[in-house]
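Subject: The structure I promised you

Hi,

Here is the structure we talked about. Have it open while you read, and I'll take you through what turned up.

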Amino acid sequence: MKRYSMFAVAREAMRYHAGWERAWRSPEPKKRYKVVVVGAGGHGLATAYYLGKVHGITDVAVIEKGWLGGGNTGRNTTIIRSNYLQDASSAIFDKALQLYEGLSRDLNYNVMFSPRGLLMLAQSEHERRGYQRTVHANGLQGVSTQWITPERVKELVPILNIDGPRYPVLGALYQERGGTARHDAVAWGYARACSAMGMDIIQQTEVTGIRRQGDKVAGVTTTRGEIECEQLAIVVAGHSSVLAEMAGFRLPIESVALQAWVSEPIKPAIDVVVMANLVHGYLSQSDKGELVIGGGTDGFNNYTQRGSWHHVEETTRALVETFPIISRLKMLRQWGGIVDMTGDRSPILSKTSVEGIFVNCGWGTGGFKSIPGSGFAMAELIARGHSPLADEFNLNRFKEGRFIDESVAAGVAH
């Protein structure tokens, strides 16, 4: 009897899903679309999906210079949570979490959402006060989260050392609804649904220019020809400033590398997500048994997708003290993603100075968890010219001093 690997079986099963093949082909682009979305990562695909599902706009092309989900969507540690401090932040992230909770059913595609719970360790008095403040803010916002004692932390994560000499655990911010999802499956699920609605997902096609007629967008120039559009959404994370320059305006963002790595597979050892922001580290265990570890951002602007050994060493050293049993594990692979950072560490979902051009960027290190909420808000902004979820994240806030300061919550970790 012929045997198949698990990957081969999964691949063949996915081929039977309606629209799967079309989602991966790059059709010959039409000369004109109502909406062009640049970026076939999670945010771009979610924007296209909610344009079609909620607003009935299906004359959409999603253009990607690489392959579907090949950027930051496939290069993160898959953490999902919504316990942010500021009202605007918690609103859009909790919307994302609510959508994640029903996303597999909504897309008819298993995105492997796992609400295993998430801990944010307080390892200094400053963090303890800050997290307790967040608990009170979340209570007013209607976002479920709680403060737990070191003893309760130890019950949830037996392998954790709560009495470390440098980084003792003083308690934790705990969100039971938080967890993880499969990053590739999120992109594939949205792509299949977009394809089924008749949208074009055009891969291996780079945007090399943005054409304007006065102060209004006219279309884009790509490596496969000219495409006209009525509205253009720039959803390209770390490369947002590059496309903004093509359109004739600037964005207040910086691009830096954020790295992550995984260990060799081991037996189940931890069934929650643990974040240790003081040491810029976070850890969870994948379904394959690998420990998924993330670190901080590089201290200099760059577009590398490798990360730096400095952060690997620094983060691993701190996590070994917090999780002593991982000290003898070997690292299986390491990578980096290009994150786009704003001054207040909050995203930009906004109209621009060019009529018809919208930008979705600045998610920094928290982009994956926000995908459904980001796409929902961006689609509403494009279709209606206004979205309650996106209003406070517009570009004007940087001119008017209306910052949404999430530097503690999102500046160095998820």
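Let's begin inside the sheet: strand 4 (residues 118-122) runs alongside strand 13 (residues 273-276), and the two pair in the parallel sense over three bridges. If you want one spot to click on, try Leu119, whose bridge partner in strand 13 is Val274. Before you go further, keep in mind that this is a predicted model.

Now zoom out to the whole sheet. It is an open one built from eight strands, in the order 5-6-4-13-14-15-12-16, with mixed pairing. Which strands stand at the edges? They are strand 5 (146-148) and strand 16 (331-342); each has a single partner strand, so one side of each is left without a neighbour in the sheet. Going from one strand to the next, the twist averages 20°. Helix 6 (residues 125-141) packs on this sheet, where it touches strand 4, strand 5 and strand 6 (171-175). The direction of helix 6 makes about 140° with that of strand 4.

Next, the helices. Helix 3 (residues 42-55) is a good one to follow, as it turns up in two of the packings below.

Start with its packing against helix 11 (residues 371-384): the angle is about 55° and the axes are 7 Å apart. Helix 3 and helix 11 are therefore oblique to each other, and their crossing is right-handed. On the helix 3 side, the contact includes Gly42, His43, Ala46 and Tyr50, while helix 11 brings in residues including Ile371, Pro372, Phe376 and Met378. Sorted by class, the residues of this contact are eleven nonpolar, six polar and two charged.

Helix 3 also meets helix 8 (residues 183-196). Their axes come within 9 Å and cross at roughly 35°, and this crossing is left-handed. Leu45, Ala46, Ala48, Tyr49 and Tyr50 of helix 3 face Ala187, Tyr190, Ala191, Ala193 and Cys194 of helix 8. What classes of residue make up the contact of helix 3 with helix 8? There are ten nonpolar residues, no polar ones and no charged ones.

Back to helix 11, which has another partner in helix 4 (residues 87-101). These two pack at an angle of about 110°, with axes 6 Å apart, and that makes helix 4 roughly perpendicular to helix 11. From helix 4 come Ile92, Lys95, Ala96, Leu99 and Tyr100; they meet Ile371, Pro372, Gly373, Ser374, Phe376 and Ala377 of helix 11. By class, that contact has eight nonpolar, two polar and one charged residues.

There is also a hairpin to look at, made by strand 9 (residues 207-213) and strand 10 (216-222). The two strands pair in the antiparallel sense over six bridges, and Gly209 stands opposite Thr221 in strand 10. Two residues lie between the strands, and Gly214 in the turn has a positive phi of about 70°.

Last, the charges. Side chains of opposite charge can pair when their charged atoms come close. The count here comes to 20 salt bridges. One to pull up is Arg224 with Glu28, whose closest N and O atoms are 3.2 Å apart. This pair links distant parts of the chain, 196 residues apart. Arg224 is in the loop between strand 10 and strand 11 (225-234), and Glu28 is in the loop between helix 2 (20-24) and strand 1 (32-38).

That's the tour. Have a click around and write back with any questions.

Cheers

Terms used:
Residues numbered from 1 in each chain as written. Predicted model: local features only at pLDDT ≥ 70, side-chain atom pairs only at ≥ 80, totals over all residues. Heavy atoms only, no water. Axes fitted to C-alpha atoms, helices over the stretch in contact; angles between N-to-C directions. Helix = DSSP H or I, 4+ residues; strand = E, 2+ residues; numbered from the N terminus. Parallel < 35°, antiparallel > 145°, perpendicular 65-115°, else oblique. Left-handed = near helix turned anticlockwise from the far one by under 90°. Contact = heavy atoms within 4.5 Å. Nonpolar A, V, L, I, M, F, W, Y, C, P; charged D, E, K, R; others polar. Pairing = 2+ DSSP bridges. Salt bridge = Lys/Arg side-chain N within 4 Å of Asp/Glu carboxyl O.
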